[in-house]
Amino acid sequence: MGWLWWVGGALTLGILEMLSLDLVLVMFAGGALAGALAYALGAPVAVQILVAALTSIVLLVALRPWLLRHLKGRVDLPETNAAALVGRPATVVSTVDGTTGRVKLVGEVWTARTADGGSLPPGTAVTVTKIDGATAVVSPAAATAPGDTAAPGVAPA
(Lines give C-alpha, C1' and ligand atoms only; values in the text may rest on other atoms or scores of the structure.)
Protein backbone atom coordinates (compact mmCIF):
# COMPACT_ATOMS: atom_id res chain seq x y z
CA MET A 1 0.00 0.00 0.00
CA GLY A 2 2.96 2.35 0.56
CA TRP A 3 3.78 2.34 -3.13
CA LEU A 4 0.51 4.24 -3.71
CA TRP A 5 1.96 7.21 -1.83
CA TRP A 6 4.96 7.23 -4.15
CA VAL A 7 2.84 6.89 -7.28
CA GLY A 8 0.37 9.51 -6.01
CA GLY A 9 3.28 11.89 -5.43
CA ALA A 10 4.61 11.18 -8.93
CA LEU A 11 1.20 11.88 -10.46
CA THR A 12 0.85 15.10 -8.49
CA LEU A 13 4.30 16.25 -9.59
CA GLY A 14 3.47 15.30 -13.19
CA ILE A 15 0.32 17.41 -13.10
CA LEU A 16 2.20 20.34 -11.59
CA GLU A 17 4.85 19.95 -14.31
CA MET A 18 2.15 20.49 -16.93
CA LEU A 19 1.50 23.88 -15.36
CA SER A 20 5.14 24.95 -15.05
CA LEU A 21 6.71 23.34 -18.16
CA ASP A 22 10.21 23.66 -16.68
CA LEU A 23 11.14 19.97 -16.82
CA VAL A 24 12.04 20.05 -13.12
CA LEU A 25 9.01 18.60 -11.38
CA VAL A 26 8.88 15.73 -13.86
CA MET A 27 12.40 14.79 -12.72
CA PHE A 28 11.15 14.64 -9.13
CA ALA A 29 8.22 12.55 -10.38
CA GLY A 30 10.76 10.12 -11.83
CA GLY A 31 12.44 10.01 -8.43
CA ALA A 32 9.10 9.25 -6.79
CA LEU A 33 8.55 6.37 -9.21
CA ALA A 34 12.01 5.05 -8.32
CA GLY A 35 10.95 5.25 -4.66
CA ALA A 36 7.86 3.19 -5.52
CA LEU A 37 10.07 0.61 -7.21
CA ALA A 38 12.29 0.48 -4.13
CA TYR A 39 9.19 -0.09 -2.00
CA ALA A 40 8.07 -2.90 -4.32
CA LEU A 41 11.47 -4.54 -3.91
CA GLY A 42 11.03 -4.47 -0.12
CA ALA A 43 13.50 -1.68 0.74
CA PRO A 44 13.10 0.12 4.08
CA VAL A 45 11.68 3.67 4.08
CA ALA A 46 15.12 5.30 4.49
CA VAL A 47 16.39 3.47 1.39
CA GLN A 48 13.25 4.39 -0.55
CA ILE A 49 13.80 8.07 0.24
CA LEU A 50 17.49 7.80 -0.67
CA VAL A 51 16.68 6.09 -3.97
CA ALA A 52 14.05 8.74 -4.79
CA ALA A 53 16.44 11.61 -3.95
CA LEU A 54 19.39 10.17 -5.87
CA THR A 55 17.25 9.35 -8.90
CA SER A 56 15.83 12.88 -8.91
CA ILE A 57 19.32 14.40 -8.75
CA VAL A 58 20.62 12.19 -11.56
CA LEU A 59 17.62 13.04 -13.73
CA LEU A 60 18.04 16.77 -13.04
CA VAL A 61 21.77 16.77 -13.76
CA ALA A 62 21.92 14.32 -16.67
CA LEU A 63 18.54 14.11 -18.41
CA ARG A 64 17.08 17.62 -18.07
CA PRO A 65 19.89 19.50 -19.90
CA TRP A 66 19.77 16.95 -22.72
CA LEU A 67 15.98 17.26 -23.00
CA LEU A 68 16.14 21.06 -23.01
CA ARG A 69 18.84 21.07 -25.71
CA HIS A 70 16.80 18.76 -27.93
CA LEU A 71 13.53 20.56 -27.26
CA LYS A 72 15.01 23.93 -28.19
CA GLY A 73 16.53 22.39 -31.31
CA ARG A 74 13.19 20.96 -32.49
CA VAL A 75 10.69 23.58 -31.40
CA ASP A 76 11.00 27.33 -31.87
CA LEU A 77 10.40 28.54 -28.31
CA PRO A 78 9.06 32.11 -28.30
CA GLU A 79 10.95 34.73 -26.34
CA THR A 80 9.02 36.15 -23.42
CA ASN A 81 9.31 39.02 -20.95
CA ALA A 82 12.21 41.41 -21.53
CA ALA A 83 13.91 39.15 -24.09
CA ALA A 84 10.88 39.55 -26.38
CA LEU A 85 11.50 43.31 -26.58
CA VAL A 86 14.91 43.04 -28.24
CA GLY A 87 14.61 44.08 -31.89
CA ARG A 88 11.32 45.92 -31.35
CA PRO A 89 10.86 49.49 -32.61
CA ALA A 90 10.49 52.36 -30.16
CA THR A 91 10.20 56.15 -30.26
CA VAL A 92 12.33 58.56 -28.24
CA VAL A 93 10.16 60.52 -25.78
CA SER A 94 12.90 62.54 -24.07
CA THR A 95 16.48 62.94 -25.29
CA VAL A 96 18.38 59.66 -25.05
CA ASP A 97 22.15 59.66 -24.61
CA GLY A 98 24.71 57.21 -23.29
CA THR A 99 23.40 57.41 -19.71
CA THR A 100 19.77 58.48 -19.62
CA GLY A 101 16.60 59.12 -21.60
CA ARG A 102 13.13 57.72 -22.21
CA VAL A 103 11.53 55.82 -25.07
CA LYS A 104 8.01 54.62 -25.78
CA LEU A 105 8.23 50.88 -26.31
CA VAL A 106 5.16 48.70 -26.93
CA GLY A 107 2.89 51.35 -25.45
CA GLU A 108 4.98 51.83 -22.29
CA VAL A 109 7.58 54.44 -21.43
CA TRP A 110 10.96 52.91 -20.58
CA THR A 111 14.19 54.43 -19.37
CA ALA A 112 16.74 54.13 -22.12
CA ARG A 113 20.31 54.80 -23.15
CA THR A 114 22.07 54.58 -26.47
CA ALA A 115 24.30 51.68 -27.36
CA ASP A 116 27.04 53.90 -28.79
CA GLY A 117 26.86 56.79 -26.32
CA GLY A 118 25.45 59.24 -28.90
CA SER A 119 22.46 61.50 -28.40
CA LEU A 120 19.02 61.04 -29.96
CA PRO A 121 16.38 63.81 -29.94
CA PRO A 122 12.68 63.25 -29.12
CA GLY A 123 10.67 61.73 -31.96
CA THR A 124 13.56 59.64 -33.30
CA ALA A 125 12.69 56.10 -34.32
CA VAL A 126 14.96 53.60 -32.58
CA THR A 127 15.38 49.85 -32.26
CA VAL A 128 15.95 48.07 -28.96
CA THR A 129 19.28 46.23 -29.11
CA LYS A 130 19.34 44.97 -25.53
CA ILE A 131 17.48 45.15 -22.22
CA ASP A 132 19.80 45.96 -19.32
CA GLY A 133 17.78 45.58 -16.12
CA ALA A 134 14.94 48.09 -16.48
CA THR A 135 16.74 50.10 -19.16
CA ALA A 136 16.31 49.65 -22.89
CA VAL A 137 19.56 50.00 -24.82
CA VAL A 138 18.66 51.50 -28.20
CA SER A 139 20.21 52.47 -31.50
CA PRO A 140 18.76 54.51 -34.37
CA ALA A 141 16.34 52.49 -36.50
CA ALA A 142 17.54 51.47 -39.95
CA ALA A 143 16.16 53.70 -42.67
CA THR A 144 13.39 52.12 -44.71
CA ALA A 145 12.79 52.64 -48.39
CA PRO A 146 9.77 54.73 -49.41
CA GLY A 147 6.66 52.56 -49.46
CA ASP A 148 8.30 49.85 -47.32
CA THR A 149 5.75 49.07 -44.62
CA ALA A 150 7.10 45.72 -43.47
CA ALA A 151 7.39 45.22 -39.76
CA PRO A 152 10.93 44.93 -38.37
CA GLY A 153 12.35 41.48 -38.90
CA VAL A 154 9.75 40.60 -41.55
CA ALA A 155 10.78 40.40 -45.18
CA PRO A 156 8.52 42.31 -47.56
CA ALA A 157 6.34 40.13 -49.79
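Here are a few questions and answers on the cores and the salt bridge of this predicted model.

Q: Which strand gives the most residues to the largest nonpolar core?
A: That core has 14 residues, and Val103, Trp110, Val126, Ala136 and Val138 have the most contacts inside it. Two or more residues come from each of S1 (89-94), S2 (102-105), S3 (108-114), S4 (125-132) and S5 (135-140). With 3 residues, the top contributor is strand S4.

Q: What does tryptophan 110 touch, leaving aside its neighbours within four places in sequence?
A: Trp110 is one of the residues with the most contacts inside the largest core. Its partners beyond those neighbours are Leu85, Gly101, Arg102, Val103, Leu105, Ile131, Ala134 and Ala136.

Q: How many residues are in the other core, the one with Trp6 and Ala10?
A: This core lies apart from the largest one, and Ala32 and Ala36 are among its members too. Its residue count is 6.

Q: Which residue forms a salt bridge with aspartate 132?
A: The count here is just 1 salt bridge. It links distant parts of the chain, strand S4 and strand S3, with the two residues 19 apart in sequence. The closest N and O atoms are 2.7 Å apart, and the partner of aspartate 132 is arginine 113.

Q: Is arginine 113 buried, partly exposed or exposed?
A: Buried would need under 20% relative accessible area, and exposed over 50%. Aspartate 132, at 37%, falls in between. Arginine 113 has 22% relative accessibility, so it counts as partly exposed.

Note on methods: Residues numbered from 1 in each chain as written. Predicted model: local features only at pLDDT ≥ 70, side-chain atom pairs only at ≥ 80, totals over all residues. Heavy atoms only, no water. Core = buried A, V, L, I, M, F, W, Y, C linked by side-chain atoms within 4.5 Å. Buried < 20%, exposed > 50% of the residue type's maximum accessible area, 1.4 Å probe, protein only. Helix = DSSP H or I, 4+ residues; strand = E, 2+ residues; numbered from the N terminus. Contact = heavy atoms within 4.5 Å. Salt bridge = Lys/Arg side-chain N within 4 Å of Asp/Glu carboxyl O.
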